[in-house]
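Let's take a walk through this one together. Have the viewer open and follow along.

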Amino acid sequence: KGCTPNESNAIDYRRSQGHYLKDHVDDRKLSKEPIANLSLAGDCYMTFRNVKGTGHAVKVLLKRRCLQILTGKSRYDYSHGIEHGHLSSERRISVTMRESPLTIPKTTTTAAALQHSSSNVALSVKLPQSITEKTADCLQPIPGLYIFLDFITVDEEAEILRHIDHCSPDWRFERHTGSHREKRWGMDHDLWNSQVVRSPKHELPHFCRTILFP
């Protein structure tokens, strides 16, 4: 409730190519709470490590077609990552959805353009007012981390995978968060400069508006 995603990215992991997600804590400035992540094509274990306390690690199973929601402590007190050996199948794809606040651009013209683009992205989405009825059926392995099993159907998964593989932009290899392929939609951040935000090059993918958000 109160969250309208305007940014999404997909990550493609291939076990045979040694792919992994580097252990990290999410940036507090790049997105608001919560962060939603959908698992597709295969299972994996994601390791959460309490970096604000004892360093205790929790290995969480993310099954294909599950949705995980990260809020509060799970985002800021725990780091998270996927070791190469914890990919349980040859291919796994994750789709992450966020609401990204606008940072202050250097020119008024750019600011106006970004505000207009952000509004267009947000208005194209209608989210349910509450998911209270679903929270009783979710898993909560660590504080603030909620996992909904079988969030989508097998047919919906196949449709999303087809769309991801054939829609713009093209996959590109990424190393800043590990080793994997990635594509991004919606608000466009410079990951190395929090003051640089560009107008979206690609609108949120069709499956976000027609399957995931409703």
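We'll start with confidence, then visit a pocket, a strand residue and the cysteines.

Keep in mind that this is a predicted model. The chain averages a pLDDT of 83, with 78% of its residues at 70 or more. Residues 116–125 are the place to be wary: pLDDT stays under 50 there, and the model gives this stretch 16 contacts beyond four places in sequence. Where pLDDT is low, the predicted coordinates should not be read in detail.

Now turn to the second largest pocket, which holds about 640 Å³ of space. Its lining takes in 31 residues, and those closest to the centre are His24, Asp26, His80, Arg98 and Thr177. Several strands give two or more residues to that lining, among them β1 (7–14), β2 (20–24), β8 (91–98) and β11 (178–186). Chemically, the lining is a mix of eleven nonpolar, eleven polar and nine charged residues.

Strand β11 is also home to Ser179. Is Ser179 buried or exposed? With a relative accessible area of 8%, Ser179 falls under the 20% cut-off, so it counts as buried. Leaving out residues up to four places away in sequence, Ser179 touches Gly18, His19, Tyr20, Phe173 and Glu174.

What about disulfides? Searching the whole structure turns up zero of them. Take Cys208: its closest cysteine sulfur belongs to Cys167 and sits 9.6 Å away, so the two are too far apart for a bond. Cys208 is buried as well, at 0% relative accessible area. Cys3 also counts as buried, because its relative accessibility is 14%.

Technical notes
Residues numbered from 1 in each chain as written. Predicted model: local features only at pLDDT ≥ 70, side-chain atom pairs only at ≥ 80, totals over all residues. Heavy atoms only, no water. pLDDT = per-residue confidence, 0-100. Contact = heavy atoms within 4.5 Å. 1 Å grid on protein atoms, 1.4 Å probe; cavity = no way out; pocket = protein on both sides within 12 Å on 5 of 7 lines; lining within 4 Å. Points joined across faces, edges and corners; volume = space filled by probe spheres on them. Helix = DSSP H or I, 4+ residues; strand = E, 2+ residues; numbered from the N terminus. Nonpolar A, V, L, I, M, F, W, Y, C, P; charged D, E, K, R; others polar. Buried < 20%, exposed > 50% of the residue type's maximum accessible area, 1.4 Å probe, protein only. Disulfide = S-S within 2.5 Å.
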